[in-house]
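Colleague: Could you walk me through this fold? I'd like to start from one pair of strands and work outwards.

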Amino acid sequence: MKPGRSEPKHFHKGIEIECVLKGNCETHKQGKLYLRKKNQIHEGVNDSKKEVVFVCFTIPPESKENTVYMN
Ligand SMILES: [Zn+2]
């Protein structure tokens, strides 16, 4: 995620695991794992000056049908 970019509030109809490989921002800290439960609303906001790199695993796999954006 580039500096200044954000991903709007959303949730998944499944589980999402995010692992932050590089960078620190308001919503993602380097080395941390985030578990988003089914229907748990979350967002990504890179308020830092550096790129934030993370990998996501979603179960079931992410698709338009199982990811719902709030606006
Ligand atoms: Zn998500």
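Modeller: Sure, starting with a bridge: Ile-17 has Leu-35 in E3 as its bridge partner. Keep in mind that this is a predicted model, where local features need pLDDT of at least 70, side-chain atom pairs count only at pLDDT 80 or more, and totals for chains, interfaces and linings use all residues. Residue numbers start from 1 along each chain as its sequence is written.

Colleague: Which strand does E2 join through four bridges?

Modeller: Strands here are DSSP runs of E, at least two residues long, numbered from the N terminus, while helices are runs of H or I of at least four. Two strands pair if DSSP finds at least two bridges between them. E2 runs antiparallel to its four-bridge partner, which covers residues 33-36 and is strand E3.

Colleague: And how many bridges join E2 to E5?

Modeller: E2 spans residues 15-22 and E5 spans residues 53-59. Among the facing residues, Glu-16 has Thr-58 as its bridge partner in E5, and Cys-19 stands opposite Val-55. The two strands run antiparallel, and the number of bridges is seven.

Colleague: Why is one side of E3 and of E5 left without a neighbour in the sheet?

Modeller: The open sheet has three strands in the order E3-E2-E5, with antiparallel pairing. E3 and E5 stand at the edges, so the free side comes from each having a single partner strand.

Colleague: What does the twist average from one strand to the next in that sheet?

Modeller: Axes are lines fitted to C-alpha atoms (for helices, over the stretch in contact), and angles run from 0 to 180 degrees between N-to-C directions. For the sheet E3-E2-E5, the twist averages 15°.

Colleague: What is the order of the open sheet that contains E1?

Modeller: Strand E1, residues 6-12, pairs with E4 in the antiparallel sense over three bridges, and Ser-6 has Val-45 as its bridge partner in E4. The edge strands are E4 (42-45) and E6 (67-69), each pairing on one side only. With three strands and antiparallel pairing, the order is E4-E1-E6.

Colleague: How many helices are there in the chain?

Modeller: Along the sequence the pattern reads β-β-β-β-β-β. That fits the count of six strands, and the number of helices is zero.

Colleague: What share of the residues counts as buried?

Modeller: Buried means 20 or more other C-beta atoms within 10 Å of a residue's own, exposed means 12 or fewer, and partly exposed is in between, with C-beta atoms placed from the backbone. Of the 71 residues, the buried share is 11%.
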